[in-house]
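Thanks for coming. I have one structure to go through today, and I will keep to the geometry. Please have the viewer open.

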Amino acid sequence: MRYYIADLHFFHEAMNTHMDKRGFENTLQMNEYMIQRWNQKVRKKDEVVILGDLSWGSVQDTNALLEQLQGKLYLIQGNHDRFLKRKEADTSRFVWVKPYAELSDNSRKVVLCHYPIMCYNGQYRLTAKGVPKTYMLYGHVHDTRDQRLIEQFQQITRQTVITDVLGNERHIPCNMLNCFCMYSDYEPWSLDEWIQYHEGKNQVEPGPL
């Protein structure tokens, strides 16, 4: 099984007091909860793609953290993954570390980047039944005003009608999935779980900016 998750920010105290206001007493409590949630879901042979901003901790703390997380780990590098710049960083725990990747997940393409890509490779591709063939998975924006803007962009895009090469009118597909860890209560989710979650969110009009 393959799972995805973004913006865990292990060891980052500001996530409790500012941006996310996660509500933990301290980073120790936050880290322990996130590790517990991870390991309750992920088995040794499962794959987990981390969509950036894994850890704000020191290279030593992050090396120790990686040994506690189950599964085969893949890292899409985020702007806060500063531990990677240190020569002591143990990157052997990752199958690979990349700024961008495209993978196949049960016959669907997933475009992976820490930053949201508004016009992503394969965006227009659908099956004969109109099911998306490609999804863009991202992080970085957490649940902020930027995410509200992305939701508005997707809504406008999906409402836009075009004429395809066969002369048929159809709406523009836009399937961007924010894999923000708080949406899943810090549990890595499969592509289908992220799709289901965002389909539920799309039933509600985006909130005010």
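I will go through the two sheets, then the aromatic residues, then a few positions in the loops and in one short helix.

One caveat before the details: this is a predicted model.

Start with the sheet nearer the beginning of the numbering. Its four strands are arranged in the order β1-β2-β3-β4, the sheet is open, and the pairing is parallel. Which strands stand at the edges? They are β1 and β4, the latter covering 94-98, and each has a single partner strand, so one side of each has no neighbour in the sheet. On average, neighbouring strands here are turned by 15° against each other, ignoring direction.

Now the pairings inside that sheet. Strand β1, residues 2-5, alternates its side chains: R2 and Y4 point one way, Y3 and I5 the other way, and all of them are buried. Note that this includes an arginine, R2, among the buried positions. β1 runs parallel to β2, residues 47-50, and four bridges join the two. If you want a register to check, Y4 is opposite V49 in β2. On the next pairing, β2 and β3, the latter being residues 72-76, are also parallel and share four bridges. V49 again serves as a marker, standing opposite Y74 in β3. As general background, strands in a sheet pair through backbone hydrogen bonds, in either the parallel or the antiparallel sense.

Y74 takes us to the aromatic residues. The structure has nine aromatic pairs. One of them is Y74 with W96, in edge-to-face geometry, with 5.2 Å between centres and 70° between planes. Y74 sits in strand β3 and W96 in strand β4, 22 residues apart, and the pair links distant parts of the chain. Are these two residues buried or exposed? Both Y74 and W96 are buried. W96 also has a charge over its ring: the charged end of K98 is 4.7 Å from the ring centre. There is a further case at W56, where R82 lies over the face of the ring, 3.9 Å from its centre. Elsewhere, ring pairs connect F180, Y183, W189, W194 and Y197 into a cluster.

Next, the other sheet. This one is also open and has four strands, in the order β5-β6-β7-β10, but its pairing is mixed. The edge strands are β5, residues 100-105, and β10, residues 176-178; each has a single partner strand, so one side of each is left without a neighbour in the sheet. The twist from one strand to the next averages 25°. β7 and β10 run parallel and are joined by three bridges. Y138 is opposite N178 in β10. Helix α4 packs on this sheet, touching β7 and β10, and its direction makes about 160° with that of β10. Helix α5, residues 191-201, lies across β5, β6, β7 and β10, and runs at about 95° to β10.

That leaves individual positions, beginning with the backbone angles. In general, most residues other than glycine have a negative phi. F11 is not a glycine, yet its phi is positive, about 70°. F11 is in the loop between β1 and α1, and it is partly exposed, with 24% relative accessible area. H140 is another non-glycine residue with a positive phi, about 75°. The loop holding H140 runs between β7, residues 134-138, and α4, residues 145-159. H140 counts as partly exposed because its relative accessibility is 28%.

T144 is found in the loop between β7 and α4 too. Its relative accessibility is 22%, so T144 counts as partly exposed. A polar atom of the T144 side chain lies 2.6 Å from the backbone oxygen of V141. The C-alpha atoms of T144 and M19 are 8.2 Å apart, with their positions 125 residues apart along the chain.

The last position is N16, in helix α1, residues 14-17. N16 counts as buried because its relative accessibility is 8%. A polar atom of its side chain is 3.4 Å from the backbone nitrogen of F24. Beyond its neighbours within four places in sequence, N16 contacts several residues, among them K21, R22, G23, F24 and M30.

That is everything I had; I will take questions now.

Note on methods
Residues numbered from 1 in each chain as written. Predicted model: local features only at pLDDT ≥ 70, side-chain atom pairs only at ≥ 80, totals over all residues. Heavy atoms only, no water. Buried < 20%, exposed > 50% of the residue type's maximum accessible area, 1.4 Å probe, protein only. Pairing = 2+ DSSP bridges. Axes fitted to C-alpha atoms, helices over the stretch in contact; angles between N-to-C directions. Polar contact = N/O pair within 3.5 Å; in protein donor to acceptor, adjacent residues only side chain to side chain. Contact = heavy atoms within 4.5 Å. Phe/Tyr/Trp six-rings, centres within 6.5 Å; stacked < 30°, edge-to-face > 60°. Lys NZ or Arg CZ within 6 Å of the ring centre and 35° of its normal.
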